[in-house]
Amino acid sequence: MDCGDPSREVYAKEREQMVTWQIERRGLRNPRLLEAFRAVPRHEFVPLELRYRAYTDGPLPIGLGQTISQPYIVALMTSLLELNGGETVLEIGTGSGYQAAILGMLARRVISIERHPALVEQAHAVLLRLGYRNISVYCADGTLGWPEEAPFSAIIVTAAAAVLPQPLTEQLAQGGRLVAPVGGYTGQMLQAWTKEKSGLTCENIIPVSFVPLRGKYGWSREDWSRYNDDTDL
Ligand code: SAH
């Protein structure tokens, strides 16, 4: 007998509360942004055993030592990109695919890059199953950007960089926005960059805590932990 899926309604209610209390009441009121967070089923992007916490006010582990960010941080970073719907967005750090899905609702096309093949496969599968057709997920070193489709009017990095990878600033379009957490193990500053005719300008937003960006222009395992030791002294 098909009794429907009672959990769907529970999730929908929790999602509505997440949007109201964690996002809107903290000052992010853009209707398109809020609509995207109402629409994307976050519980589909977290491991089965953690679904009951999918709409709580924090990050969650997604395997391989990686995390899906706190909903508010995803919302804040997305709002800083100032998307109007026509953009091609580059995301570095697909992870669960949740941020990519949100971007997919707000931009024309999303290219998301992840270095862990297992996460690429997982994110690709859930995005396909949920019907997001404007998102491409690739397995590569995201610090090199994606020159094939550059320049991008918006770039979002969802892992911590010591400094902004140069290929990414080069692949940012004139007038484009780049949002990234910049710093080390003990914390980073969320930064919003704009490429203007005169060069890049940077705005510091809030302190955040992300997993490291690896790869050619990212943190090596040794330096990430050495930095930790140094700053702990
Ligand atoms: N945006 C994700 C959260 C990302 S966690 C979400 O919505 O779930 C950061 C991700 O960045 C991790 O999955 C990690 O494997 C990935 N990552 C780290 N360095 C990378 C690199 N150089 N290229 C691509 N992905 C990278």
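**Entry 1: a strand pair.** I began at A180 and looked for the residue across from it, which in this predicted model is Q191 in β8. I then looked up the two strands concerned, and found that β7, residues 172–184, and β8, residues 187–196, pair in the antiparallel sense over eight bridges.

**Entry 2: the whole sheet.** Following the pairing outward, I noted seven strands in an open sheet with the order β5-β4-β3-β6-β7-β8-β9, and I recorded the pairing as mixed. The edges are held by β5 (135–139) and β9 (199–208), and because each has a single partner strand, one side of each is left without a neighbour in the sheet. I also looked up the turn between neighbouring strands of this sheet, which is 15° on average when direction is ignored.

**Entry 3: helices on the sheet.** I find helix α3, residues 71–80, packed on the sheet, where it touches β6 (152–157), β7, β8 and β9, and its direction makes about 165° with that of β9. Helix α5, residues 117–129, also packs on the sheet, touching β4 (109–114) and β5, and its direction makes about 165° with that of β5.

**Entry 4: the ligand.** I counted 25 residues surrounding the ligand, with G93, S96, E114, G142 and R214 as the closest. For E114, I noted a polar side-chain atom 2.6 Å from an oxygen atom of the ligand. Turning to ligand nitrogen, I found a nitrogen atom 3.0 Å from an N or O atom in the side chain of D141, and I also recorded a distance of 2.8 Å between a ligand nitrogen atom and a polar backbone atom of R214. Last, I looked up how far the ligand is covered: taken alone it exposes 590 Å², and the protein buries 99% of that.

Note on methods
Residues numbered from 1 in each chain as written. Predicted model: local features only at pLDDT ≥ 70, side-chain atom pairs only at ≥ 80, totals over all residues. Heavy atoms only, no water. Pairing = 2+ DSSP bridges. Helix = DSSP H or I, 4+ residues; strand = E, 2+ residues; numbered from the N terminus. Axes fitted to C-alpha atoms, helices over the stretch in contact; angles between N-to-C directions. Contact = heavy atoms within 4.5 Å. Near = heavy atom within 4 Å. Polar contact = N/O pair within 3.5 Å; in protein donor to acceptor, adjacent residues only side chain to side chain. Areas by Shrake-Rupley, 256 points an atom, 1.4 Å probe, with all protein chains shown as cover.
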